Amino acid sequence: MIARVAIHSHVFYADLWSELCVCVRNVIAVCGEQNVRLLVTYPETKPEVAQVFENVVLKCAVELIGVPNKGYDVGPFVCEFLNRVDLDSLDYIVKIHTKRDVDTWMNFRPLEGSAWRRELLKFCSTEKAFQKTIDAFSRYPKLGMVTSHRVINYCGSDWGKDARVVKQMLSDKFGLIARHLVTASGTMFCARAEIFKHFQERYAFDDFPLVCEKSAHLDYGLAARLEYAFTMAADAMGYV
């Protein structure tokens, strides 16, 4: 099966690009260079990030784009990436980004240091893993999104209230009725391209506040709601 894939890689932490580069090469190895398009976004306020790409050779179509530092990785995804790709010509979207080391809890279990990032990247961390991901989509027509099971939540805890807000947003803005309050944290996944048609030409960087050191990890606002909306949109479309 030929799989046509566009990858969005948002790079905020330059030292973590090498991990994402491995994942990109795994996608290319599975799908073929002619079937992969890569768009890399980075904050235009951090021009030094662009330097890490100078000596990188990837055998696929590549675009490097400086963007406003707004909306974390989600803002560049909906404001730049989705508005540049032809979703009708694609089978799947791969979304990855340079998630910093952090100690946290996810689904009542601890994740320390780089563990959250490693979990999120599992679906494409090796050629075998990404081949398994693509095979799963082929085998299960109702499969809409693949991510780590550790980050999927059916809202039995803190996420319930936020997910209900997102469910209403999907209904009011897109006419999508989510069947379940299901969310996936971390926004790294492989998903069917058609899911994201609802989000094209809908958002601009002006919709997101500027990320600054003082507020960077206090209030994610629209970015957090869209993080949930991607998963719940898939659910509303009948996918799992």
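# Questions about the fold

Visitor: Where is the place of threonine 187?
Guide: Let's get the naming straight: helices are DSSP runs of H or I with at least four residues, strands are DSSP runs of E with at least two, and both are numbered from the N terminus. With those labels, threonine 187 sits in the loop between strand S9 (183–184) and strand S10 (189–192).

Visitor: What pLDDT do local features need in this predicted model?
Guide: Residues are numbered from 1 along each chain as its sequence is written, and side-chain values use heavy atoms, with hydrogens and water left out. This is a predicted model: totals for chains, interfaces and linings use all residues, side-chain atom pairs count only at pLDDT 80 or more, and local features need pLDDT of at least 70.

Visitor: Back to threonine 187: does it count as buried or exposed?
Guide: Phi of threonine 187 is positive, about 50°, although the residue is not a glycine. Three labels cover accessibility: buried is under 20% relative accessible area, exposed is over 50%, and partly exposed is in between (1.4 Å probe, protein chains only). Threonine 187 comes in at 5% relative accessibility, so it counts as buried.

Visitor: Which phi does tyrosine 72 have?
Guide: Tyrosine 72 is in the loop between strand S3 (61–67) and helix H2 (74–81). Like any residue other than glycine with a positive phi, it's one to check on a backbone plot, and its value is near 55°.

Visitor: How compact is the protein, going by its radius of gyration?
Guide: The protein has six helices and 10 strands. Its radius of gyration is 17 Å, close to the 18 Å from the globule rule for 240 residues; the radius is taken over C-alpha atoms, and the rule is 2.2 Å times the number of residues to the power 0.38. The C-alpha atoms fill a box of roughly 45 × 45 × 35 Å along the principal axes. So the protein is as compact as a globular protein of that length.

Visitor: What share of contacts between residues at least 6 apart in sequence join residues at least 24 apart?
Guide: Buried residues make up 54% of the 240 residues. Contact means heavy atoms within 4.5 Å. Among contacts between residues at least 6 apart in sequence, the share joining residues at least 24 apart is 81%.

Visitor: How many residues of H2 are buried?
Guide: The buried residues of H2 are Val74, Gly75, Pro76, Phe77, Val78, Cys79, Glu80 and Phe81. They pack against strand S1 (5–10), strand S2 (36–43), S3, strand S4 (92–97), S10 and helix H6 (221–236). H2 is mostly covered, and its buried count is eight of eight.

Visitor: How are H2 and H6 placed relative to each other, oblique or perpendicular?
Guide: Val74, Phe77 and Val78 in H2 meet Ala223, Leu226 and Phe230 in H6. The axes, which are lines fitted to C-alpha atoms over the stretch in contact, with angles from 0 to 180 degrees between N-to-C directions, come within 9 Å and cross at roughly 70°. The classes are roughly parallel under 35 degrees, roughly antiparallel over 145, roughly perpendicular from 65 to 115, and oblique for the rest. H2 and H6 are therefore roughly perpendicular.

Visitor: And how do the residues of the contact of H1 with H4 divide?
Guide: Helix H1 (residues 17–31) and helix H4 (residues 127–139) pack at about 55°, with axes 9 Å apart, and are therefore oblique. Asn26, Val27, Ala29, Val30 and Cys31 in H1 meet Glu127, Phe130, Gln131 and Ile134 in H4. Ala, Val, Leu, Ile, Met, Phe, Trp, Tyr, Cys and Pro count as nonpolar, Asp, Glu, Lys and Arg as charged, and the others, Gly among them, as polar. The contact divides into six nonpolar, two polar and one charged.

Visitor: Which residues does isoleucine 134 touch, not counting those up to four places away in sequence?
Guide: Isoleucine 134 lies in helix H4, and at 4% relative accessibility it counts as buried. Outside those sequence neighbours, isoleucine 134 touches Ala3, Val30 and Tyr92.

Visitor: How far is lysine 142 from alanine 234 in space, C-alpha to C-alpha?
Guide: Lysine 142 is in the loop between H4 and strand S7 (145–146), and at 54% relative accessibility it counts as exposed. Leaving aside neighbours within four places in sequence, lysine 142 contacts Gly238, Tyr239 and Val240. Lysine 142 and alanine 234 are 92 residues apart in sequence, and their C-alpha distance is 9.7 Å.
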